[in-house]
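Please open the structure in your viewer and keep the sequence panel beside it. The tour below goes stop by stop, with a selection to make at each one.

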Amino acid sequence: MRYGRNLSISVGILMAHRLRTSLSVAGVVVGVAAITVVVSVGNGMKADIEDEFRAMGSELVVVRSGRFRSHGGRPHQIADVTTLTEEDAEALQGMSSDVKAVGPCVSRPMVVKNGTLSTQSTVEALSFAAVGIRNLSVSSGRLFLAGEMGVRRTVAVLGAGVAENLFEGEDPVGRLITVGRLPFRVIGVAPTLGTDINGNDQDNVVYIPLDTGMRRLFHVTYLQTIYVKGVDAASLSRIEEQAGRLLRTRHKLRPQEEDDFTLQNQVTMLEAALQTSASMTRLVGSVGAICLVVAGIGVLAVMLMSVRERRGEIGLRRAIGARQSDILLQFLSEAALLSVSGGLIGLALGALAVALANELQWARADFSVQAALLSFTVSVTVGLLFGIYPARKAARLHPAVALTSAG
Amino acid sequence: MIRLKRIEKTFRNGGVDTPVLKGIDFSLDEGEFVALMGTSGTGKSTLMNILGCLDRATAGQYEFDGRDVVALDDVELSRLRNEKIGFVFQQFHLLPRSSALTNVMLPLVYASQYPADARERAEQLLAMVGLKDRMGYLPGQLSGGQQQRVAIARALINRPRLILADEPTGNLDRQSALDILDLFSDLHRQGHAVVIVTHDQEVAARARRVLHMVDGRFEREEVRP
């Protein structure tokens with residue numbers, strides 16, 4: 001009760017020094033808003049990555065021909081190799097009971113035409129099993145039938161981007177397109193997928209049956225990619241190891257020779273991708289944290305000024321019966337008032353920015369209540385921490401000195 | 001009510017000791033009206049701070065209502081100031097952003113129990129000092145004399161038995177000063193003990209007992225019937 005009455009006086013004093021108060025609060029506002037936004041965008045990024053891997057199917061080991069190096073987090077093939085074959089895929093299928101399905105693929109960039117309209121896109125030839133493993137789906141028409149595979153049929157499923165480029169809003173299903181020099185009938189259109197985490201456009205793709213691609217279009221005998229689906233996530237590391245050994249034997253590699261293929265475990269890739277996004281979040285989050293420390297110094301400066309200016313008031317309060325602890329508490333609650341109000345404004349601004357980012361599709365941001373509460377708590381703590389020194393200074397002011405030194 | 005014995009106060013500044021009070025003996029009875037006189041620098045304000053428990057003596061004894069003040073800690077001293085002493089200062093020391101009424105009620109914030117009739121009491125006191133129509137005014141909207149009357153009402157809110165006034169008319173014009181002095185005379189008649197520190201002969205003339213200070217000591221004492 002005694003402090004409640006005092007607090008309303010404190011509010012009046014802080015309100016009276018509007019400019020000074022808002023300057024000191026500004027730091028807290030920026031810090032809290034920054035942390036809220038950064039953590040929300042970080043959450044959105046994480047959810048995006050997880051969604052993508054889930055769409056691909058996470059119990060996956062991807063075998064790619066040739067060696068890959070990671071440049072800036074993206075895989076780059078450093079040599080084209082022709083040793084990965086359909087027989088390898090069959091061998092992987094029978095390798096162990098951990099393997100649930102095997103899906104071979106090969107792809108080439110090609111020009112795709114519909115009459116006078118043409119577009120450069122990735123033509124991906126894949127087996128029936130690969131369609132299932134990749135979780136491909138259609139928004140109109142249908143996917144390949146089992147009977148269409150292995151008989152070199154010229155049917156195609158278009159990515160949403162290709163469909164838009166070649167048919168400009170018309171329904172492509174049932175129409176003919178030309179891939180290279182070969183006519184294909186469109187049987188389905190995939191839904192819009194956007195870019196994958198490696199930055200590849202997943203909509204600028206034409207899917208065709210594997211044997212059609214290999215023998216009628218690309219004229220190759222080798223594969224680029226084999227998707228190996230495990231029975232569960234735990235089986236992946238075993239599959240990775242066994243597949244490595246099997247392929248080395250089949251490709252007759254001597255012990256000192258390097259692999260002519262690359263194995264990618266989806267689970268470890270997911271972890272790596274999540275780690276990247278988490279470290280980004282931490283980086284920007286720590287900038288927010290520095291903001292909060294700066295904000296604390298702002299609170300410190302304002303409180304010190306305030307104590308200096310209000311020596312007369314402090315002396316008077318002491319004379320009329322305020323204990324040292326009363327003065328301490330008064331100035332601490334003023335510091336808390338500054339940081340709490342700054343924190344609330346920062347939270348509101350942060351939530352607004354998150355809503356705006358989603359609305360305008362700048363970034364996917366999932367507002368995190370925990371992060372918001374955390375940054376709010378931190379800001380209040382910082383305010384209190386930096387309020388302690390000035391408050392102690394005020395409390396220890398000698399009452400007689402305070403009364404006479406004030407004008 | 002108050003008994004000081006051989007009070008000494010020495011200020012230490014940068015290793016140099018400056019003795020300000022050099023053995024003061026003083027006693028004050030219930031309801032007395034005393035003026036402490038002297039030119040500036042004679043230590044009368046220092047003595048006032050010690051009397052008001054705002055400062056501690058370097059040596060000597062101080063009893064207030066039979067209690068040994070020297071032995072009290074910050075909490076006990078604060079409580080004593082709150083309950084038994086009302087202060088009036090030359091610079092008024094009102095909170096500039098709070099109304100006259102809020103200023104008068106301020107000491108109750110620190111009282112051990114906040115009285116239920118706080119507001120009525122403050123209003124009564126403001127009416128008594130002649131500010132019935134100015135209760136909601138901010139100090140800046142009041143004249144010097146009116147501000148000092150708010151300060152006197154504030155000094156009285158906890159019904160103290162001792163009023164300590166340090167040059168209460170020092171910042172006021174002549175007419176306001178006379179009004180304020182009349183108020184102190186009224187308080188004395190109502191039974192409060194009043195101690196006024198002043199260098200003004202006219203102010204001191206109101207008191208029954210005048211103590212003249214020179215260089216940290218009482219030089220002479222006048223007592224009027």
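What percentage of the 225 residues of chain B count as buried? The share is 45%. Keep in mind during the tour that this is a predicted model.

**Stop 1: chain B as a whole**

Select chain B and show it as a cartoon. Chain B holds seven helices and 10 strands. Its C-alpha trace spans about 50 × 40 × 40 Å along the principal axes. A compact globule of 225 residues would have a radius of gyration near 17 Å, and the 17 Å of chain B agrees with that. Now consider which parts of the chain meet. Among contacts in chain B with a separation of 6 or more, 69% are between residues 24 or more positions apart.

**Stop 2: the six-stranded sheet of chain B**

Select strands S6, S7, S8, S3, S9 and S10 of chain B; in that order they form an open sheet with mixed pairing. Which strands are at the edges? They are S6 (85-88) and S10 (217-223) of chain B, each of which pairs on one side only. From one strand to the next, the twist averages 15 degrees.

Next, narrow the selection to residues 33-37 and 193-198 of chain B, which are strands S3 and S8. These two strands run parallel and are joined by five bridges. Within this pair, Val34(B) has Val195(B) of S8(B) opposite it.

Add residues 174-189 of chain B, helix H6, which packs on the sheet. H6 touches S3, S7 (162-166) and S8 of chain B. The direction of H6 makes about 150 degrees with that of S8(B).

**Stop 3: the four-stranded sheet of chain B**

Select strands S2, S1, S4 and S5 of chain B. In that order they make an open sheet, and here the pairing is antiparallel. S2 (16-28) and S5 (67-68) of chain B are the edge strands; each has a single partner strand, so one side of each has no neighbour in the sheet.

Look along residues 2-13 of chain B, strand S1, which pairs with S2(B) in the antiparallel sense over 10 bridges. One place to zoom in is Arg3(B), whose bridge partner in S2(B) is Ser27(B).

**Stop 4: the nonpolar cores**

Select Leu36(B) and Val104(B). They have the most contacts inside the largest nonpolar core, which has 118 residues. Which element gives this core its largest share? Helix H2 of chain A (residues 18-56) does, with 13 residues.

Return to Leu36(B) and show what surrounds it. Neighbours within four places in sequence aside, Leu36(B) is in contact with Lys44(B), Leu47(B), Met48(B), Val195(B), Val197(B), Leu211(B) and Met213(B). Another core of 50 residues lies apart from the largest one, and Met149(A), Ala190(A), Val206(A) and Leu210(A) are among its members.

**Stop 5: where the chains touch**

Show both chains and select the residues at the contact. Chain A and chain B each give 22 residues. On the side of chain B that touches chain A, helix H2 (74-84) and helix H3 (100-109) of chain B are the elements that give two or more residues. H2(B) gives the most, with six residues. Sorted by class, this side of chain B has 10 nonpolar, seven polar and five charged residues.

**Stop 6: a covered strand in chain A**

Select residues 225-230 of chain A, strand S11. Six of its six residues are buried. In a regular strand, side chains alternate between the two faces of the sheet. On one side of S11(A) are Thr225(A), Tyr227(A) and Lys229(A), and on the other are Ile226(A), Val228(A) and Gly230(A); both faces are covered.

Which strands pair with S11(A)? Strand S1 of chain A (residues 60-65) pairs with S11(A) in the antiparallel sense over five bridges. There, Val63(A) has Ile226(A) as its bridge partner. Strand S4 of chain A (residues 99-114) also pairs with S11(A) in the antiparallel sense, over six bridges. Ala101(A) stands opposite Lys229(A).

**Stop 7: helix H9 of chain A**

Finally, select residues 311-319 of chain A, helix H9, where eight of the nine residues are buried. Among the buried residues are Glu313(A), Arg317(A) and Arg318(A), along with Ile314(A) and Leu316(A). After H9(A) comes Gly321(A), with a positive phi near 120 degrees.

Methods. Residues numbered from 1 in each chain as written. Chains lettered and ligands numbered in written order. Predicted model: local features only at pLDDT ≥ 70, side-chain atom pairs only at ≥ 80, totals over all residues. Contact = placed C-beta atoms within 7 Å. Nonpolar A, V, L, I, M, F, W, Y, C, P; charged D, E, K, R; others polar. Core = buried A, V, L, I, M, F, W, Y, C linked by C-beta atoms within 7 Å. Buried ≥ 20, exposed ≤ 12 C-beta atoms within 10 Å, placed from the backbone. Rg over C-alpha atoms; globule rule 2.2 N^0.38 Å. Pairing = 2+ DSSP bridges. Axes fitted to C-alpha atoms, helices over the stretch in contact; angles between N-to-C directions.
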